[in-house]
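Biologist: Please take me through the nonpolar interior of this model in detail, together with the parts around it that deserve a careful look.

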Amino acid sequence: MRKALKISATLSILGASLLLPSCELNETIYSSIYTEDFYKTAADAEKGLVAVYGALGGLGGAPALTLVADFSDDQTYPRGVVGRNTLTMFTYDVNYTTQKSNSRVNESPQQIWQSCYSGIEKANWVIAKVPGANMDEPRKKQVLGEAYFLRAFYHWFLTKNFGDVPVKITPSYTEEEALTAKSPKAEVYKQIYSDLDQATSAELPSFPAVVKGRASHEAALALYAKVALYNEDYATALAKAKLVIASNKHALLPNVWDVYRYDNEDAARLENIFAYEVDPVSPGLGHQLVGLCGPPGSAGPEYARTSFGSMFAYQSFFNSFDPKDKRRTLLDTNYIDKAGKVVPQKSITPITTEGVLIKKYQDPVSTIGLIPNIPILRMPDVYLIAAEAEARSNGATAAAYEFVNVVRQRAGLPVLKAGLTKDAFIEAVLQERAWEFFAEGDRWYDLTRTGKFLTVIPKAVNSVYPVRNVTAKNRYFPIPQDEINANAKIEQNPDWK
């Protein structure tokens with residue numbers, strides 16, 4: 001009879017598919033560190049927590065963290081190589097065949113599924129085992145709080161991409177325990193709320209005392225606010241956002257450029273509440289955005305030493321900015337080459353004469369793009385969440401205007417026009433979000449959560465992508481067929497059957 005092997009703490013599952021053996025397992029293993037022998041000490045607990053954060057590496061490295069959304073939205077698009085155009089043209093299938101054939105699963109929704117469930121499994125071990133560890137009690141509480149924060153983040157990232165998803169809150173000692181059915185989205189959010197209640201009560205440190213790349217108390221509140229906004233729970237979204245603002249721990253930097261400068265990372269933490277933390281060592285955590293966003297052939301030294309010209313902004317998006325908007329300077333229609341000459345827009349890339357370069361991830365000193373962090377939660381997000389939630393609850397009040405105008409004034413724009421209707425004000429806030437968070441993996445989810453993607457996306461075309469046939473089923477991505485094959489309890493999203 002097949003024996004159920006105990007799952008190592010250091011080799012927790014990457015997804016349900018990794019737990020299906022092809023033959024019976026009868027071997028007794030003596031060299032692994034079993035969970036029963038781990039999490040005994042403070043050092044064990046800290047190592048286990050690092051593993052939970054480690055799942056962000058799978059999300060941020062390609063990064064599926066941003067590219068899945070950015071290649072689908074109305075702001076940015078890819079050069080059609082190695083299957084990237086399937087996201088822009090909405091031609092992917094449940095097997096993510098093109099991504100697999102081009103070895104680009106790490107840029108696909110399948111990577112989101114695998115990385116998030118890997119992180120959830122690791123978080124479950126920490127949450128189950130660390131309470132019994134022999135360690136300082138206040139730090140134990142914080143370790144658990146960080147694990148709850150990350151488990152909430154991973155579940156939220158899954159549900160905003162796939163809709164109904166399995167909720168997994170216990171570790172998998174056996175194969176059977178790893179196989180979980182989907183829960184309705186409402187139940188997913190209920191669990192996320194529960195986890196964030198734990199995280200926000202764990203007395204996590206605040207900036208600047210928080211360790212780089214770790215969740216702070218304000219990060220937990222900010223995530224709670226954004227989760228609640230997506231859940232259309234506007235009272236909760238507003239309340240949590242106001243707590244972040246009232247804490248006075250974070251603020252907008254005076255100069256928007258400083259948020260993204262590769263040599264200003266530590267100072268930018270005043271605004272960057274939580275980010276995919278890049279480690280500029282080898283080996284370390286990095287991402288591809290530096291190389292993707294620069295001009296082809298490593299031609300623009302201010303962008304990167306190595307760049308491929310694989311990601312651009314739509315001309316129509318560039319044109320949408322007020323010329324006085326300082327955020328428009330994070331895009332460019334020309335660049336200076338290695339000889340010091342200005343390369344005009346028509347020559348930026350051979351795929352179009354209207355290429356617009358993205359400047360948020362410039363890294364002129366690195367050969368492999370390891371320096372710039374990828375923002376996940378920034379202080380402007382908190383203000384705009386508060387503005388939208390206030391307007392949806394109470395209309396275009398003075399408070400709602402105050403929240404949005406903080407962001408506009410940093411951008412060098414006048415305050416928002418007074419007297420807007422509720423709907424017009426919300427539309428203005430969504431547009432403000434578009435200008436503020438482009439190339440940060442945010443816009444697609446704003447379009448899908450509000451139902452605007454079906455009308456907005458068909459208009460976001462150019463000579464590279466003259467037609468974009470988005471349909472209602474693209475609201476969510478299909479659950480990877482590999483996961484359905486591995487777990488008979490999971491059903492495909494109805495629109496993708």
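Modeller: A disulfide is taken here as a pair of cysteine sulfur atoms within 2.5 Å, and by that criterion the structure holds 0 disulfides. The model is a predicted one, in which local features need pLDDT of at least 70 and side-chain atom pairs count only at pLDDT 80 or more, while totals for chains, interfaces and linings use all residues. Residues are numbered from 1 along each chain as its sequence is written, and side-chain values use heavy atoms, with hydrogens and water left out. Two cysteines can be described individually: Cys-116 counts as buried (under 20% relative accessible area, with exposed meaning over 50% and partly exposed in between, for a 1.4 Å probe and protein chains only) because its relative accessibility is 0%, and Cys-293 counts as buried because its value is 2%.

The interior itself comes next. The largest nonpolar core (a set of buried Ala, Val, Leu, Ile, Met, Phe, Trp, Tyr and Cys residues joined through side-chain atoms within 4.5 Å) has 146 residues, of which Phe-149, Phe-153 and Tyr-154 touch the most other members. Helix 6, residues 137-162, gives the most to this core, with 13 residues; helices (H or I, at least four residues) and strands (E, at least two) are DSSP runs, numbered from the N terminus. In soluble globular proteins, nonpolar side chains tend to be buried together. Setting aside neighbours within four places in sequence, Phe-153 is in contact (heavy atoms within 4.5 Å) with Leu-56, Leu-59, Leu-65, Leu-223 and Ile-376.

Strand 10, which spans residues 374-378, is the next element to follow. This strand is mostly covered, 5 of its 5 residues being buried, and it pairs with strand 4 (residues 272-276) in the antiparallel sense over 4 bridges, where pairing requires that DSSP find at least two bridges between two strands. Within that pairing Tyr-276 stands opposite Ile-374, and Ala-275 has Pro-375 as its bridge partner. Strand 4 is likewise largely enclosed by the rest of the structure, because 5 of its 5 residues are buried.

Thr-76 offers a polar counterpart to these nonpolar contacts. This threonine is found in strand 1, residues 76-78, and counts as buried because its relative accessibility is 1%. Its side chain reaches the backbone oxygen of Asp-70 at 2.8 Å, and, not counting residues up to four places away in sequence, Thr-76 touches Asp-70, Phe-71, Met-311, Phe-312, Ala-313, Tyr-314 and Ile-358.

Arg-449, in helix 16 (residues 443-449), also counts as buried, because its relative accessibility is 13%. Its side chain makes a polar contact (a pair of N or O atoms within 3.5 Å; within protein, one must be able to donate a hydrogen and the other to accept it, and residues adjacent in sequence count only if both atoms are side-chain atoms) with the side chain of Asp-446, at 3.0 Å. Leaving out residues up to four places away in sequence, the residues that Arg-449 touches include Leu-229, Tyr-230, Glu-388 and Arg-475.

Backbone geometry in the loops merits its own inspection. Most residues other than glycine have a negative phi, and most peptide bonds are trans. The peptide bond from Ala-62 to Pro-63 is cis, with omega near -5°, and Pro-63 has its place in the loop between helix 1 (42-61) and helix 2 (64-70). Another cis peptide bond runs from Phe-207 to Pro-208, with omega near 10°, and Pro-208 is found in the loop between helix 8 (185-200) and helix 9 (217-230). The loop between helix 8 and helix 9 also holds Glu-203, which has a positive phi of about 55° although it is not a glycine, and which counts as exposed because its relative accessibility is 57%. Tyr-96, in the loop between helix 3 (85-89) and helix 4 (97-101), has a positive phi too, near 50°, but counts as buried because its relative accessibility is 0%.

As for the record, UniProt places the feature "domain: SusD-like N-terminal", from an unreviewed entry, at residues 82-229; UniProt positions are given in the numbering used here, feature names are shortened, and annotations may be inferred rather than shown by experiment. In the model, the end C-alpha atoms of residues 82-229 lie 35 Å apart, and the span is 61% helix and 3% strand.
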